[in-house]
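Biologist: Hey, can you walk me through this structure? I'd like to start with how helices cross.

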Amino acid sequence: MSLENNAEFKLSITKALGDQLAAALKKLTPAPLTMENIRSLRSLPGVYQLYKDKDLVYVGKADRNLPQRIEKHFRKISGRTNISLNQMTFTCLYVDEDFGAVAPERLLINEHRGQGQVPWNYNGFGNNDPGKRRDTTEVDESHFDHEHPIDLEYKLTELLTQRSSADETVRLSLLLQETKMHLPYVFRYQASNEFDDIAVELPSANVTADQVLKTIAARLPDKWQITALPGYLIMYPKAEEYPSARRYYRNTGVVDVWQQ
């Protein structure tokens, strides 16, 4: 007669932590993704979850400052089409700094992915500027930028607010800097000393991104081009075509690619 007097026991500390994090977040009531709610948070590290129409779509972490990180998502979504901030809510947990070594957001992602949740963690939502090498690649239909392209009708209400009321023109270099700063999506461009010598008529108040880009393009030297890609803008001294381009701005006019 054979008796089994030994066996293997595996303790998964990381799974236990993931379960506890998910359970703690599940107890929270998602709050609307507004600046008032974001700025009411404490500037501490932690993890957070974003919901779209009550569906859990994204899990992230902030190594130092939760409100700062969540505000970046607020700005990104505010400048996108086919989505509204009114659809978005969030929850968050403050997490001790020494907890960061076990990647708490990864534990939560693993916890929820098996349930068909957190799709934005895998479709490019969390990306910043993807870099020049991605400019010429075609954006996949499942990518966040394809589903929610940048909003060229976004209102730039604070553009050039420090200008003098007597000013009638502004240097092109300054207008580019201000536009880049106030847009809620990436505007990557190649700087040029000649932009300091080009005067541009001041845009009106509450101008849209599209109107500002047309103003800039009209004063660009020959061969320069602004390209609206699904997730960001680029400007270089070369009029070339891009596989995923939505619109081209040149000193000769505007070309809407996606309508062709």
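Modeller: Sure, one term before we look: a crossing counts as left-handed if the near helix is turned anticlockwise from the far one by less than a right angle, and as right-handed if clockwise. Also, keep in mind that this is a predicted model.

Biologist: Okay, so which hand is the crossing of H6 and H7?

Modeller: H6 and H7 cross in the left-handed way. Their axes come within 11 Å, at a crossing angle of roughly 155 degrees. Angles over 145 degrees count as roughly antiparallel, so that is how H6 and H7 run relative to each other.

Biologist: Which residues meet there?

Modeller: From H6 you have Leu 172, Leu 175, Leu 176 and Thr 179, and they meet Val 212, Thr 215 and Ile 216 of H7.

Biologist: Switching topic: how many residues are in the largest nonpolar core?

Modeller: That core has 29 residues, and Ile 216 is one of those with the most contacts inside it, along with Leu 220, Ile 226, Leu 233 and Met 235. H6, H7, S10 and S11 each give two or more residues to the core, with H7 giving the largest share, five.

Biologist: What does Ile 226 touch?

Modeller: Its contacts further along the sequence or back include Phe 187, Leu 213, Ile 216, Leu 220 and Tyr 249. Another core, of 20 residues, lies apart from the largest one, and Tyr 48 and Phe 125 are among its members.

Biologist: And the whole protein, how many helices and strands?

Modeller: Seven helices and 13 strands. Of the 260 residues, 43% are buried.

Key
Residues are numbered from 1 along each chain as its sequence is written. This is a predicted model: local features need pLDDT of at least 70, side-chain atom pairs count only at pLDDT 80 or more; totals for chains, interfaces and linings use all residues. Side-chain values use heavy atoms; hydrogens and water are left out. A nonpolar core is a set of buried Ala, Val, Leu, Ile, Met, Phe, Trp, Tyr and Cys residues joined through side-chain atoms within 4.5 Å. Buried means under 20% relative accessible area, exposed over 50%, partly exposed in between (1.4 Å probe, protein chains only). Helices (H or I, at least four residues) and strands (E, at least two) are DSSP runs, numbered from the N terminus. Contact means heavy atoms within 4.5 Å. Axes are lines fitted to C-alpha atoms, for helices over the stretch in contact, and angles run from 0 to 180 degrees between N-to-C directions. Angles under 35 degrees count as roughly parallel, over 145 as roughly antiparallel, 65 to 115 as roughly perpendicular and the rest as oblique. Lists of a residue's contacts leave out its neighbours within four places in sequence.
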